[in-house]
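Got your viewer open? Load the model below and follow along, one selection at a time.

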Amino acid sequence: MRGPPPTVPANTSVGRAVTLLLESEARMVAVLEMKRDYVFAKKVVGFLTLDRVLSLKVDYQNLLMNRMKQFLIESEGND
């Protein structure tokens, strides 16, 4: 029987959440908002999935390549 996904507080770094996702071999990590009023309450504010992490990586690589191309074009114009 499956249990609930691992959880991280909302103020956890993305790197730590991704590490937990990979180490636990879970399909997702639940991101929780912790509130401490009269009672300690947890509210799920989102989920981090491996598919989403990989899609961010692809977007980051494309962004980096575009910036490098732009830099090269600008540096050629300064010569």
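Start by selecting threonine 7 and alanine 30: alanine 30, in E2, is the bridge partner of threonine 7. Keep in mind as you look that this is a predicted model. Now widen the selection to strand E1 (residues 7–9) and strand E2 (residues 28–36); the two run parallel and are joined by 3 bridges.

Next, add strand E3, residues 40–49. In which sense do E2 and E3 pair, parallel or antiparallel? They pair in the antiparallel sense, over 9 bridges. For a close-up of this pairing, pick lysine 35 and look across to alanine 41 in E3, which stands opposite. Then follow the chain from E2 into E3: the two strands form a hairpin, with 3 residues between them.

Leave the strands now and select helix H1, which covers residues 14–24. Within H1, show the side chain of glutamate 23. Is glutamate 23 buried or exposed? Its relative accessibility is 58%, so it counts as exposed, the cut-off for that class being over 50%.

From glutamate 23, draw a distance to asparagine 62, C-alpha to C-alpha. The two residues are 39 apart along the chain, and their C-alpha atoms are separated by 27 Å.

Move on to helix H2, residues 50–77, and find methionine 68 there. With a relative accessible area of 44%, methionine 68 is partly exposed, because that class lies between the 20% and 50% limits. Which residues make a nonpolar surface patch with Met68? Select Tyr60, Leu63, Leu64 and Met65 as well: together with Met68 they make a patch of about 500 Å².

Finally, zoom out and show the whole chain as a cartoon. You should count 2 helices and 3 strands, and from the N terminus on the elements run β-α-β-β-α. The radius of gyration is 19 Å, well over the 12 Å that the globule rule gives for 79 residues, so the chain is more spread out than a compact globule. Turn the model along its principal axes, and the C-alpha atoms fill a box of roughly 65 × 35 × 15 Å.

Two last views round off the tour. Color by accessibility: buried residues make up 13% of the 79 in the chain. Then switch on the surface, which comes to about 7000 Å² of accessible area, with 57% of it belonging to carbon and sulfur atoms. If you also list contacts between residues at least 6 apart in sequence, 23% of them join residues at least 24 apart.

Conventions: Residues are numbered from 1 along each chain as its sequence is written. This is a predicted model: local features need pLDDT of at least 70, side-chain atom pairs count only at pLDDT 80 or more; totals for chains, interfaces and linings use all residues. Side-chain values use heavy atoms; hydrogens and water are left out. Patches are made of residues with over 30% relative accessible area and no salt bridge: like charges are joined within 9 Å, nonpolar side chains (Val, Leu, Ile, Met, Phe, Trp, Tyr) within 5 Å. Accessible areas come from the Shrake-Rupley method with a 1.4 Å probe; for residues, only the protein chains shown count as cover. A salt bridge is a side-chain nitrogen of Lys or Arg within 4 Å of a carboxyl oxygen of Asp or Glu. Helices (H or I, at least four residues) and strands (E, at least two) are DSSP runs, numbered from the N terminus. Buried means under 20% relative accessible area, exposed over 50%, partly exposed in between (1.4 Å probe, protein chains only). Two strands pair if DSSP finds at least two bridges between them. The radius of gyration is taken over C-alpha atoms; the globule rule is 2.2 Å times the number of residues to the power 0.38. Contact means heavy atoms within 4.5 Å.
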